[in-house]
Amino acid sequence: MIRLESYVSGRWTSGAGRATTLVNPATEEAIAETSSEGLDFGAALDHARTAGASLRSLSFAERASLLKAMAKTLHANREELLDLAQKNGGNTRGDAKFDVDGAIGTLSAYAVTGEQLAARMGDRRFLLDGDFIQLARNPRFVGQHVYTTRPGVAVHINAFNFPAWGTYEKIAVSFLAGVPVITKPATATALVTWRTVQLLVESGSLPEGALQLICGSTGDLLSRLQPQDHLAFTGSNATGSALRGTPGFASKGVRVTVEADSLNAAVCGPDVEVGGDLWSTMLRNVVQDMTQKTGQKCTAVRRVFLPHSHVAEFEEALLDALTGVVVGDPTTDGVTMGPVSTASQLRDARSGIAALAEGNRVAVGGAQPIDGRNAPAGKGYYVRPTVIVGANDHTHDLEVFGPCVSLVAYDGSAAGAAAGIGRGQGSLVSSFYADDRAWIGEVVAGAAPWLGRMLVCGSKVADMATPPGMVLPSMVHGGPGRAGGGEELGGERGLLFYMQRTAVAGDRVALGKVFGTGE
Ligand code: NAP
């Protein structure tokens, strides 16, 4: 069995004590074990603060080269990583590519962002926010807002569902901002993350201290964070809320960003023609969100809002599209959807489906156990693709992290759609299918405050729009309310979490020299 070691203070180290076992969710076969017990987290932080500080002294161009080299290393080992993702995550080949290629793509995208920053800023390592502001009658006295890199450490804690992409979308941004990272994957699916860090360490491209890995628990790490440090967390709202309350965080002002759970929605506008292009795009996106990664995407649609007149036909089309889904061991032929990733996810998905079904009609699927195709009988964490028609209080309040959607009728008005979105109490993303511009204007105004991202899909872009479940490095990712209130990515915007904005007032000529604004 593989023993996953942590990479701390420049060494691979195995924790003591009882290890946690990682399994193949398709068969429940044990494949690896890990423990972080006894690791010296104080020393890990010191190492990041001292050795890792060299990252800050690199120019944007040098940081961009680093990200490019990292992407190259992962790409050179892509096949091995895809195999590991299938084995430890229950991923189909396509799911594994979505995760691993997402990591490589985001590192590459941030390498380009770094090159653009270098072209604009030269060797300067800060960012400017706006222009000089005249502060006195004499134009010589001015103010300038500037972002500088905070001399701290970034602790990244990630969810189980994206061990590659989730890890490197955070690292890409942190590294480009010049901040060293201690990253912790979810233990159950840590195999891919562990291997990527091994590959990067072996490649020799990482500056000393820039990246450390914890496989297992974070012990007393978080309570040791200081005012210039950061916690970027992705996972459940419950864990995120608990970590915000870490002793010392509030008093020291440790920066925290939380990406948590979300009741994303797809909304069918009243002008969508049944069977037309928009209808087909919406249907395709809903099916993809239900089945890709077995519905275990934070951005996956959970609620589908349809005008009363469209519900029956959408249900029929969706059930028809789902008949081709084959649930089973995703490493075997003919299987199109794998298991959920862990035993506890299976328990939660089943009980969640049962809760959503209370008082509603289960059109297909349900909470009953099933065997997966080509999997040992009674083994593996399999869930049926499930469509529930109707809503109850759980529909808007309980995120079932699996292949399940609820079809919810609404009155077709923009106000009704926005109210439905708002009942989710804040989500990462929702998609709106319509051509009627007045309806779109009203729905954007009403729903946007509840959402981190919106896909407004009209007929003119139906064949080119990226699916709503796909997170893009150039667009912000995060959402208000129950989604955690955090923001990541968004090109340069993502760097600001790791930087301090300071209002600097002084002599226009002197500040012009410092900031390179040519004054
Ligand atoms: P989770 O149980 O909250 O765990 C998330 C991470 O937190 C894991 O790495 C876990 O480590 C760690 N953790 C748990 N307790 C901790 C503690 N006391 N101190 C330090 N770390 C701790 O969530 P999950 O089951 O992995 O992921 C599913 C949830 O994540 C879903 O609700 C989903 O919506 C959300 N999610 C959100 C996004 C987003 O971008 N918004 C993306 C993906 C997933 P262990 O594994 O070692 O317990």
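Let's start with the ligand: the space it takes is the largest pocket (on a 1 Å grid over the protein atoms alone, an open set of points with protein on both sides within 12 Å along at least five of seven lines). This is a predicted model, in which local features need pLDDT of at least 70, side-chain atom pairs count only at pLDDT 80 or more, and totals for chains, interfaces and linings use all residues. Residues are numbered from 1 along each chain as its sequence is written, and side-chain values use heavy atoms, with hydrogens and water left out.

Now look around the ligand. It is surrounded by 25 residues (each with a heavy atom within 4 Å), and the closest are N158, T187, S236, T239 and E399. The shell comprises eleven nonpolar, ten polar and four charged residues (Asp, Glu, Lys and Arg count as charged; Ala, Val, Leu, Ile, Met, Phe, Trp, Tyr, Cys and Pro as nonpolar; the others, Gly among them, as polar).

Domain 1 (41-260 + 487-515) and domain 2 (264-472) both contribute shell residues, so the ligand lies between them; the bounds come from an automatic or database domain assignment.

Finally, a polar side-chain atom of E399 lies 2.7 Å from a ligand oxygen atom.

Notes. A polar contact is a pair of N or O atoms within 3.5 Å; within protein, one must be able to donate a hydrogen and the other to accept it, and residues adjacent in sequence count only if both atoms are side-chain atoms. On a 1 Å grid over the protein atoms alone, a cavity is a set of points where a 1.4 Å probe fits but cannot get out, and a pocket is an open set with protein on both sides within 12 Å along at least five of seven lines; lining residues have an atom within 4 Å of a point. A molecule sits in a cavity or pocket if more than half of its atoms lie within 2 Å of its grid points.
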